[in-house]
Amino acid sequence: MNTNLQERAKRVEWYMNDRFGMFIHWGLYSIVGRGEWVMSTEKIPLEKYTPYADEFNPIHYDPKKWAKMAKDAGMKYVVLTAKHHDGFCLFDSKLTDYTSMTSCGRDLVREFVDAVRGEGLKVGLYYSLLDWHHPDYPKYDDLNHPMRGNEAFKDEVIDFDNYLKYMHGQIEELVTNYGKIDILWFDYSYENLRGEAWKATELVRMVRKHQPDVIIDNRLETSGEGFGSIVNEIPEEFCGDFASPEQIIPPEGIRNVLGQPVPWELCTTINNNWGYNPSDLLYKPSALLIRKLVECVSKGGNMILNIGPNGLGSVDEKSCKVLEDMGHWLDKNGQSIYGCNNANRPKPEWGWYTQNGKKLYAHVLEAPIGPLALTGISKDEIKSIRRLADGVEMKQGDSWITKSYEHIPFVSFGDLPHFSYPLPDPVDTVIEITLK
């Protein structure tokens, strides 16, 4: 393993152990209530968008509540949007007055990092490489800018180096003014704005000078649909520490061109928007999200699940209920998630396997007819079998109906192995198999 990969492996140890985190998308767009991309999708000019900063006064913002909510949900790290694409900063930046300090007199990032650390969780900050507020960011020919295709900006001359100086300066503020930062989540690269277009090597070296242990996503050279050079045999220096597939779980996890596993994290939403949108009622059931967390871990990945508080700083009840449900399940079954990884066994028809050392966890999502076949495991490997949630021993399921499958171990969810029983937990019943 080359030195860079060894350093990455050391940096991501805690992250690959913790497996589950919270994303928080929050900013001026939360007042508008039509998602975090509203400025772009509706092509809102600055003179109509910036007045929202005068209204931004999140009187219900209590990051201690958010941090406790994350901890109670079983999450181990929390990432907040310090600046999204609209350019509005939730931190005290000396490089612009387009900040929460001007709007409401509060350094919202300072309050956030203090609260998250107070709950013993890891701290993450998101920073958008895009900036629709800065005068030197591309407009007319840009893919995303609200003023794309606007004839008034067709012949505008900008100084992109000036923007990069601003961007690097703000990132340096974030990595020097708020103590230890555990995750720096950049977003994102597209078209010609990739890698060295951001002066990415210089940027990463500056970040690592101040925060040598911080882990960084792969979006200095890609976006949620790509991997970048993190999957190359020799990655770029700015490739990041983990890949960040968005709203999709990689069918077989993520490996580099040599077949070696790459750290990765599914970023996903509870409904279909990252930023607050009260008309989006398409919430994912907690059962689905629990199962998808399991799927991520079974493929060697993490999940970061997003909430989008409203402009006042409150989180909607449905999101709170989803997080509460996930927390209840993890209270009983967290050992099958934290510290676990791909079990490197064939996927069973009834669910997934995760593994941590000699502990193999069978995540049973579908009740069997009769006993459950523990496919992919030999009988000689097994030392003991228990239900994880309550520690009760499970009966071997061998009986007259399994005689034709003597090489496969079976377990029963009830007293009689040839009877069918409902799953104790219909969401995901976890069986802890201790291997010899």
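**Helix pairs and a sheet in a predicted model**

Let me start with one contact: Pro63, Lys64 and Ala67 in helix 7 meet Glu111, Phe112, Ala115 and Val116 in helix 9. By class, the residues of this contact are five nonpolar and two charged, with no polar ones. Please keep in mind that this is a predicted model.

How are the two helices placed? Helix 7 covers residues 63-72 and helix 9 covers residues 108-118. Their axes lie 8 Å apart, and the packing angle is about 40 degrees. Angles under 35 degrees would count as roughly parallel and those from 65 to 115 as roughly perpendicular, so helix 7 and helix 9 are oblique to each other. Their crossing is right-handed.

Now the chain as a whole. It contains 13 helices and 15 strands. Its radius of gyration is 24 Å, and the globule rule gives 22 Å for 436 residues; the two values are close, so the chain is as compact as a globular protein of that length. The C-alpha trace spans about 80 × 45 × 40 Å along the principal axes.

Next, the second helix pair, helix 12 and helix 13. Helix 13 runs over residues 317-333, and helix 12 packs against helix 13 at about 50 degrees, with 9 Å between the axes. That angle makes this pair oblique. The crossing of helix 12 and helix 13 is right-handed. Which residues make the contact? From helix 12 come Ser286, Leu289, Ile290, Leu293 and Val294. Helix 13 supplies Val322, Asp325, Met326, Trp329 and Leu330. Sorted by class, this contact has eight nonpolar residues, one polar and one charged.

On to the sheet. In what order do its five strands run? The order is 8-9-10-15-12, in an open sheet with antiparallel pairing. Strand 8, at 341-342, and strand 12, at 382-387, are the edges, each pairing on one side only.

Within the sheet, strand 9 spans residues 351-356 and strand 10 spans residues 359-364. These two strands run antiparallel and are joined by six bridges. One bridge pairs Asn356 with Lys359 in strand 10.

Helix 12 comes back here, because I want to link the helix pair to the sheet. Helix 12, residues 286-298, packs on the sheet and touches strand 8, strand 9 and strand 10. The direction of helix 12 makes about 55 degrees with that of strand 9. To sum up helix 12, this helix packs with helix 13 and also on the sheet.

Key:
Residues numbered from 1 in each chain as written. Predicted model: local features only at pLDDT ≥ 70, side-chain atom pairs only at ≥ 80, totals over all residues. Heavy atoms only, no water. Pairing = 2+ DSSP bridges. Helix = DSSP H or I, 4+ residues; strand = E, 2+ residues; numbered from the N terminus. Contact = heavy atoms within 4.5 Å. Axes fitted to C-alpha atoms, helices over the stretch in contact; angles between N-to-C directions. Parallel < 35°, antiparallel > 145°, perpendicular 65-115°, else oblique. Left-handed = near helix turned anticlockwise from the far one by under 90°. Nonpolar A, V, L, I, M, F, W, Y, C, P; charged D, E, K, R; others polar. Rg over C-alpha atoms; globule rule 2.2 N^0.38 Å.
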